[in-house]
Amino acid sequence: MEFPDASLSHESESLPVLPSEILYEILLRLPVKTLLKMRCVSKSWFSLISCPQFIKTHLKFSTQNQDFRCLFYGSRENSLTLNTCSLDEIIYQEESPPIPIAVQLDFPCNGVLGCCEGLFCIFNQFWYIFIWNPSIRKSKKLPFSGLDPRCGQSSSYGFGYVECQDDYKVVDVKGNSHGDGFLNVFKIYSLRYNSWKRIQDYPDITFWIYPGKFVNGRLHWIVGHVSDESDMNDSRFILSLNLVDDVTNIEFQRKKNLTKAKLS
């Protein structure tokens with residue numbers, strides 16, 4: 001990786017200049033808002049700070065500082081408001097409750113489908129899906145998946161990051177009656193290729209209303225048999241999707257007994 005030139009002008013040549021390697025380490029320790037301003041210093045600084053490799057390194061460095069924050073949201077005037085506060089303040093502050101800091105959104109948002117590696121997957125009132133970076137206040141609208149959110153009898157989503165592919169992925173699941181049974185159609189979006197593709201379908205299950213949870217490279221949903229929909233508390237499945245190879249697995253849980261089967 002090329003490091004930025006520490007000299008800003010010919011007039012500063014007589015002043016001490018930091019080695020490029022030290023300057024790089026300093027930039028890694030700056031918050032995102034400051035880095036965005038630093039891009040205006042010079043073309044070389046802009047090139048470095050905008051480099052995907054630097055962004056990934058900065059993200060990993062930021063996650064190691066143990067400054068965990070709690071994010072919660074609520075509704076106001078048919079849109080979503082996000083608020084954040086330090087987790088340490090919640091746990092260790094005894095005298096008064098922490099004061100949350102509001103995070104302003106760039107556009108109306110009605111819900112969060114997932115978050116991973118600093119990015120959020122959100123949707124608006126028209127069910128347009130966006131991937132949003134709250135640090136730099138930028139978002140990307142996803143193309144239509146081809147699955148109408150208003151027509152699904154069963155519907156769910158998921159959002160995760162595949163490190164080995166350096167790719168963020170969104171999963172859209174819609175279930176409807178199909179012949180004498182029930183069929184769920186899975187589509188997966190790749191941010192790297194900006195496109196959707198249909199993967200394997202899965203029959204005769206219904207999803208709970210909650211989006212999938214991303215853990216260890218897989219998305220996980222709580223599902224149940226369509227025939228057992230009235231008594232899902234006693235007949236629950238954990239359906240997981242491996243975002244690397246797009247293969248689903250199910251874990252069946254009933255009375256604390258757990259078995260696992262891989263689907264072809």
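**View 1. Lys174, a buried lysine in a predicted model.** With a relative accessibility of just 4%, Lys174 counts as buried, because the cut-off for that label is under 20%. You'll find Lys174 in strand β9, which covers residues 167-178. Look for its partner too: the side chains of Lys174 and Asp172 are joined by a polar contact of 2.4 Å.

**View 2. Strand β5, covered on both faces.** This strand takes in residues 119-123, and 5 of its 5 residues are buried. Leu119, Cys121 and Phe123 sit on one side, with Phe120 and Ile122 on the other.

**View 3. The neighbours of β5, strands β4 and β6.** Strand β4 (residues 111-116) pairs with β5 in the antiparallel sense, over 5 bridges. Here Val112 stands opposite Ile122. The two strands make a hairpin with 2 residues between them, and Glu117 in the turn has a positive phi of about 50 degrees. Now for β6 (residues 129-133): this strand also runs antiparallel to β5, joined by 4 bridges, and Ile122 stands opposite Phe130. The hairpin of β5 and β6 has 5 residues between the strands, and Trp127 takes a positive phi near 65 degrees.

**View 4. The second largest pocket, a space between two domains.** About 290 Å³ of space lies in this pocket. It has 17 lining residues, and the closest to its centre are Phe126, Trp127, Tyr128, Phe144 and Pro149. Sorted by character, the lining holds 10 nonpolar, 2 polar and 5 charged residues. Why do we say the pocket lies between domain 2 (66-135) and domain 3 (144-255)? Because both domains give residues to the lining.

How values were computed: Residues numbered from 1 in each chain as written. Predicted model: local features only at pLDDT ≥ 70, side-chain atom pairs only at ≥ 80, totals over all residues. Heavy atoms only, no water. Buried < 20%, exposed > 50% of the residue type's maximum accessible area, 1.4 Å probe, protein only. Polar contact = N/O pair within 3.5 Å; in protein donor to acceptor, adjacent residues only side chain to side chain. 1 Å grid on protein atoms, 1.4 Å probe; cavity = no way out; pocket = protein on both sides within 12 Å on 5 of 7 lines; lining within 4 Å. Points joined across faces, edges and corners; volume = space filled by probe spheres on them. Nonpolar A, V, L, I, M, F, W, Y, C, P; charged D, E, K, R; others polar. Domains from an automatic or database assignment. Pairing = 2+ DSSP bridges.
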